[in-house]
Amino acid sequence: MEVALRLGDQGWGRTYPNPMVGAVVVRDGAVVGEGWHAEYGDRHAEAVALSEAGTGARGGTLYVSLEPCTHTGKQPPCVDAIIAAGIRRVVVAAHDPDPVAAGGADRLRAAGITVDVGCHESRAQARNFRFMRRFGKKTRPFVAIKLAVSMDGKIADAAGHSRWVSGEASRRWVHWLRAGFGSIAVGATTATIDDAQLTVRGELQPRIPPVRIVFDRRGRLPVEHTLFRDIAQVPLVVVTGTKAATARRAEWQAAGARVVGADTMPDALQALSDDRIDSILVEGGGRLAGALMREKLVDRVYQIQCPLWLGDGKPAWDDLGSPAIESAARWQVRNFFAIAEPQQVGDIVIEVEPG
């Protein structure tokens, strides 16, 4: 299943609105077939792995990161291919929450195949957070925060300069990360100081470019900003207070932006969800990150820990109050890894979620 999960990751940014899925066929202790869902509309992971295994699949075990589908969409049902291949056992990480495609485990059991569900379930669900959220009960987008942070917890120096806290390799990784989200967001101050583009500019190009979002409660974002230059290709949403200047809102709309009026963060996220935004990667600044965390609206944090100290710089997390150690929320570390260029000092990515 570890291999199946890693294989599925190769569909990041390319399979939406379908899930990322990986599959491995094992017979007599040896891997005879591997596959993943690479592109929306292309063959599913199970079909690719079974095709590679050929006759070697008969009597074998299929490991798959999501329950095999039962319906005909752009591809035929995976359960039919599994049954025809003569698979003896299927190990599934997580059930499919889509009511149209679900029920694969029961169909396979009815065909006499042993099915086990739940191997690395939480990890499989975490990878497919957009897919899982779409069929869950949440009424707001999935919110992740990405911050590049110095060793002493700063995202910019005392003058407000944040380019660059992280290394070049980390910045390339961030473009990969952006490709898997429905939107990329910053606060108005960060957008202005960094002249942020909020686009994916890496080797991996998403099938659907993320929408760009600026949280600007007071109406400060000028229409001359970089974000308005390519608005016909990559949409821009400005979230502002309901009492923000009418003239500025009209300017944004005339320049092609969608304007969302909301005076609280929960209301803003609800409005964005109503606008079919299912996930947001928030990239700063500290005030916006702190507000979301304070309201308990954060589902995941990607903190890039960088080996430098910035003293009196800008804090990564602003206005979180004064929780005591015994009452402070303790999150789970989902993943961590180093990113570095050859022979260079690197950064550490720490991925955490609420415990």
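This section describes the salt bridges and one pocket of a predicted model.

The model holds 21 salt bridges. One of them joins the side chains of Arg14 and Glu39, with an N to O distance of 2.9 Å. Arg14 lies in the loop between α1 (2-8) and β1 (22-27), and Glu39 in the loop between β2 (30-36) and α2 (45-53), so the pair ties together parts that are 25 residues apart in sequence. Glu39 is partly exposed, at 25% relative accessible area.

Arg107 and Asp80 also meet through their side chains, at 2.9 Å from N to O. This salt bridge links helix α4 (residues 104-110), which holds Arg107, to helix α3 (residues 78-85), which holds Asp80; the two residues are 27 apart. Both partners are partly exposed: Arg107 has a relative accessible area of 36%, and Asp80 one of 38%.

A further salt bridge pairs Glu283 with Lys146 at 3.7 Å, N to O. Here the partners are 137 residues apart, with Glu283 in the loop between β12 (279-282) and α11 and Lys146 in strand β6 (residues 142-150). Glu283 is buried, at 12% relative accessible area. Lys146 is buried too, at 10%. Elsewhere, salt bridges link Arg300, Arg334, Glu351 and Glu353 in a network.

The second largest pocket has a volume of about 760 Å³. It is lined by 19 residues, and those closest to its centre are Met293, Trp317, Leu320, Ala329 and Trp331. Helix α11 (286-294) and the strands β13 (300-306) and β16 (347-353) each give two or more residues to this lining. By class, the lining comprises 13 nonpolar, three polar and three charged residues.

How values were computed: Residues numbered from 1 in each chain as written. Predicted model: local features only at pLDDT ≥ 70, side-chain atom pairs only at ≥ 80, totals over all residues. Heavy atoms only, no water. 1 Å grid on protein atoms, 1.4 Å probe; cavity = no way out; pocket = protein on both sides within 12 Å on 5 of 7 lines; lining within 4 Å. Points joined across faces, edges and corners; volume = space filled by probe spheres on them. Helix = DSSP H or I, 4+ residues; strand = E, 2+ residues; numbered from the N terminus. Nonpolar A, V, L, I, M, F, W, Y, C, P; charged D, E, K, R; others polar. Salt bridge = Lys/Arg side-chain N within 4 Å of Asp/Glu carboxyl O. Buried < 20%, exposed > 50% of the residue type's maximum accessible area, 1.4 Å probe, protein only.
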